[in-house]
Amino acid sequence: MRKRMFGSSGRDERKEMTAAGPRIHPLSVISMTFVFVFIAIVVALIAADLSYIGLGDVSAALAAPEIRAAIRLSAVTSLATLLLVALFGAPTGYALSRYRFPGRGIADTIVDMPIVLPPLIIGVSLLVFFQTDPGKWIETHGLKFVYTRKGIVLCQFLCSVSYAIRAAKASFDSDNQKLETLALTLGCTPMQAFRMVALPLARNGIVAGAILAWAHAVGIFGPLMVFAGCVRMKTEVLPTAIYLELSVGRIETALAIALLMLALAACMLAAIHRLAPGKRW
Amino acid sequence: MLQVQGLRYRAGNFALQEVSLDIEAGEYFALLGPTGSGKTLLIQNICGLIRADGGSILIEGRDVTRLAPRMRDIGYVPQDYGLFPHLNVERNVVFGLRARGVPMREARERIRGLVETLQLGRLLNRSTRGLSGGERQKVALARALAIRPKLLMLDEPVSALDESIRQTVCAELCRLQRELRIATVHVTHSFEEALAVSDRAGIMREGRLVQTGPMSQLMRRPADEGIARFLRIENIFRGRAISAHPGGTIVEAGGRRIAVPGQRTGEVVFMIRPTDVEVSPASEEIEARGENAFVGELAAITERGAYSRLEFNAGITIVTYAIPGRAHCVFETGGKYLMTLPREAIHVFDNPMP
C-alpha cells in the first residue's frame with residue numbers, strides 16, 4: 001500500500017512519491033479494511049441479483065415490447081437531458097468560478113439545492129408550479145410538460161444539472177486562470193480566451209460532470225412518477241418499469257432491468273474515470 | 001515609446017503610488033526591486049491585465065489606459081511562462097496569430113524566422129509538458145514575439161532556470177533584443193541580472209519607483225541608503241561633519257577622519273563601492289600624509305568563487321574584493337594593509353533614510 005504524497009513538477013509528475021519506512025501500518029490497515037468492506041457489500045448485492053435470475057430472464061425482458069419502449073424512452077430522454085445539462089453546466093460553472101457579483105453566495109447555494117433536496121420534492125414542486133398562472137401560461141403556449149415526455153426531460157434536468165454545474169465549476173476553479181488572462185494579451189477577446197483556453201483545459205471535468213449528471217438522470221424515479229406519470233408505452237422509463245414490474249410481482253423481470261441499468265452505470269463510471277483521471281465523485 | 005504617468009493601483013493593503021516611467025524605443029529596461037515591491041503589479045497594469053485606479057499609460061503617444069489587453073500590442077512573458085498545456089509547441093507559438101484570425105498556413109510562415117532565431121525547429125511538434133526550463137522560456141518568448149508587439153514585458157524571465165544557465169540565457173535575451181530592436185521591460189529582483197541585460201533600470205520599493213537611470217549610475221549614486229543596501233553595496237558609513245575642506249567636508253566616522261565631496265553639516269551617511277577601495281601593503285607614512293588612507297587589519301577572507309571578499313578593520317569596517325593571483329599583495333588574515341578611499345568615488349546620500 002503506497003500512500004501518495006505531495007506531487008512533483010516536470011517530468012516526474014506521474015511518479016508516485018512514497019515515504020520511506022514500513023508500507024503496512026495501522027492507518028493503512030484500517031482505511032483499506034473500510035475499502036474492502038464496502039466493495040464486499042456491493043459485490044454481494046450484485047451476486048445476489050445474478051443468482052436470483054438467469055440469462056433467459058434478461059433476454060425475455062429485452063424481448064418484451066413495453067420494456068424495449070422503456071429502454072428507448074430512457075435513452076432518448078436522458079440523452080436530451082445530457083444535451084441540456086452540458087449546455088447549462090459549462091457557462092454556469094464558469095460564471096460561478098470567475099465572476100464576483102452581488103448574491104454570488106446565494107446563487108452558489110441555490111445551484112446546490114437540487115443535490116440536497118429529495119428528488120420527490122422537485123417532482124411535486126413542478127406539479128404545483130404548472131398549476132400556477134405562469135405554469136399554465138407555458139402549458140397553453142405549446143410547451144406541455146405535465147404527464148408528457150417533455151416533463152420527463154424537465155424533471156431529469158432539474159434533478160441532475162447541479163452535478164454538472166458543480167463539476168464544471170470545480171474544473172474551472174482548478175484550471176489556471178492566469179492562462180486565460182495571458183491569452184488576452186496575445187490578442188484574444190474574453191470569448192476567444194474562453195473558447196481557446198478555458199474550455200479546452202476544463203473539458204475533461206465538464207464532460208465527466210455531464211456524464212455523472214446523465215447517470216443520475218437515468219436513475220430518477222420518484223419525481224417522474226409524480227410529474228410525468230408512469231403510463232406503459234408512453235411515459236414509462238427504466239426505473240419506473242422496475243417499479244411497475246415489482247408491483248405486479250415479476251421480480252425476475254425487475255431484476256433483469258436492474259442489471260441492464262447496472263451495466264450502463266458501470267460503463268458511465270468507467271468513462272468518467274477515463275475522462276477525468278484523478279477526479280473521483 | 002512607453003510613458004507611464006502617475007499610475008495608481010490599490011490591492012488590499014498594498015498600493016502602487018504615482019508611478020511614472022519613460023521607456024525609449026529599442027531600450028532594454030530592467031525593473032528591479034525586492035519581492036513584494038509591486039514590480040509584477042506595475043507590468044500587469046501596463047499590459048492591461050488589471051485595471052489601473054488612476055494615472056495614464058501611453059504607448060507611442062496613444063493612451064491605452066482604458067484599452068483591453070489585446071489592443072495594447074504588448075508581448076507578455078509571465079514568470080512561469082504560462083504555456084498552454086493543451087497545445088503543442090507550434091500551436092503555442094502561433095496562438096496570438098490564430099486569435100487574430102490568421103490562417104494556420106500563413107501563421108506558420110510568419111513564425112519561421114522567429115523559430116530559426118530561437119532554434120525551436122526541432123521542438124515544434126512536441127508537447128509542452130516535457131520541455132526543460134530553458135526550452136519553455138524560448139517557447140513563451142516566441143509566442144509573445146510572434147504577434148510583433150511594440151513592447152516586450154518579461155516578468156522574472158530567468159528566475160525559474162538553473163543558476164548555471166541564467167547568464168547564458170540573459171546573454172541570449174540581450175542578443176535577441178538588440179537584433180529585434182524591441183523596447184523591453186525585464187522584471188527582476190537580481191541586480192546582477194539587471195546589470196547583465198539592461199541599458200537602464202528602475203528600482204521599485206513599496207509600490208513606488210524610487211530611482212531610475214543607467215545601472216552604472218545606480219551603482220555609483222544610489223538615491224538613498226535603502227537602495228544602496230538593495231544593490232548590496234557594503235561600505236556604508238555614518239559620521240558627523242566636523243569641518244570644511246577644500247572641495248569637500250571632513251567627516252568623523254568610527255574614530256577616522258574621512259574627506260567626502262560637497263559641503264555637509266550634521267550627520268552624514270556615505271558609501272564607497274568595494275571595487276573602488278584601493279588596497280596596498282601597510283605604510284604608516286602614506287597613512288599619515290595621504291587623504292582617506294587608513295592602515296587596518298584584515299579581519300576575514302571569504303571565497304566567492306571568482307573573487308575573494310576581504311573585510312578590514314580600521315576603526316570602521318571596510319570591504320573590498322580581490323581576484324586571487326591578480327592582487328598587488330598577498331592577503332593573510334591578521335595582516336596589516338593600507339586602504340585608500342578615493343574622495344571622488346565616495347557618494348554622500350542627500351536623503352539617507354528611505
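Which residue in S12(B) is the bridge partner of Arg240(B)? It is Glu252(B), and finding that pair on screen is a good way into this predicted model. From there we can walk across a sheet in chain B and then turn to a pair of helices in chain A.

Let's begin with chain B as a whole. This chain has 10 helices and 20 strands, and its C-alpha atoms fill a box of roughly 80 × 45 × 35 Å along the principal axes. Of the 354 residues in chain B, 40% are buried. If you look at the contacts in chain B with a separation of 6 or more, 65% of them come from residues 24 or more positions apart.

Now back to the sheet. Five strands of chain B make up an open, antiparallel sheet, and their order is S13-S12-S11-S14-S20. At the edges lie S13 (256–261) and S20 of chain B, each of which pairs on one side only. The Arg240(B) and Glu252(B) bridge you have just found belongs to the pairing of S11(B) with S12 (residues 248–253) of chain B, where five bridges join strands that run antiparallel.

Step to the other neighbour of S11 in the order, and you reach S14. Strand S11 (residues 235–245) of chain B pairs with S14(B) over six bridges, again in the antiparallel sense. To locate this pairing, look for Asn235(B), whose bridge partner in S14(B) is Ile272(B). S14(B) also pairs with S20 (residues 347–348) of chain B, antiparallel and over two bridges; here Phe270(B) has Val348(B) as its bridge partner.

Why is S14 of chain B described as largely enclosed by the rest of the structure? The strand spans residues 267–272, and five of its six residues are buried, so the surroundings largely enclose it. As you inspect the strands, keep in mind that side chains in a regular strand alternate between the two faces of the sheet.

Finally, let's visit chain A, where helix H3 (residues 65–98) and helix H9 (residues 190–218) have axes that come within 8 Å and cross at roughly 140°. The two helices H3(A) and H9(A) are therefore oblique to each other, and their crossing is right-handed. The residues of this contact divide into 14 nonpolar, five polar and no charged. On the H3(A) side they include Ser74(A), Leu82(A), Val85(A), Gly89(A) and Tyr94(A), while among those in H9(A) are Phe194(A), Ile206(A), Gly209(A) and Trp214(A).

Notes
Residues are numbered from 1 along each chain as its sequence is written. Chains are lettered from A and ligands numbered from 1 in the order in which they are written. This is a predicted model: local features need pLDDT of at least 70, side-chain atom pairs count only at pLDDT 80 or more; totals for chains, interfaces and linings use all residues. A residue is buried if 20 or more other C-beta atoms lie within 10 Å of its own, exposed if 12 or fewer, and partly exposed in between; C-beta atoms are placed from the backbone. Helices (H or I, at least four residues) and strands (E, at least two) are DSSP runs, numbered from the N terminus. Two strands pair if DSSP finds at least two bridges between them. Two residues are in contact if their C-beta atoms, placed from the backbone, lie within 7 Å. Axes are lines fitted to C-alpha atoms, for helices over the stretch in contact, and angles run from 0 to 180 degrees between N-to-C directions. Angles under 35 degrees count as roughly parallel, over 145 as roughly antiparallel, 65 to 115 as roughly perpendicular and the rest as oblique. A crossing is left-handed if the near helix is turned anticlockwise from the far one by less than a right angle, and right-handed if clockwise. Ala, Val, Leu, Ile, Met, Phe, Trp, Tyr, Cys and Pro count as nonpolar, Asp, Glu, Lys and Arg as charged, and the others, Gly among them, as polar.
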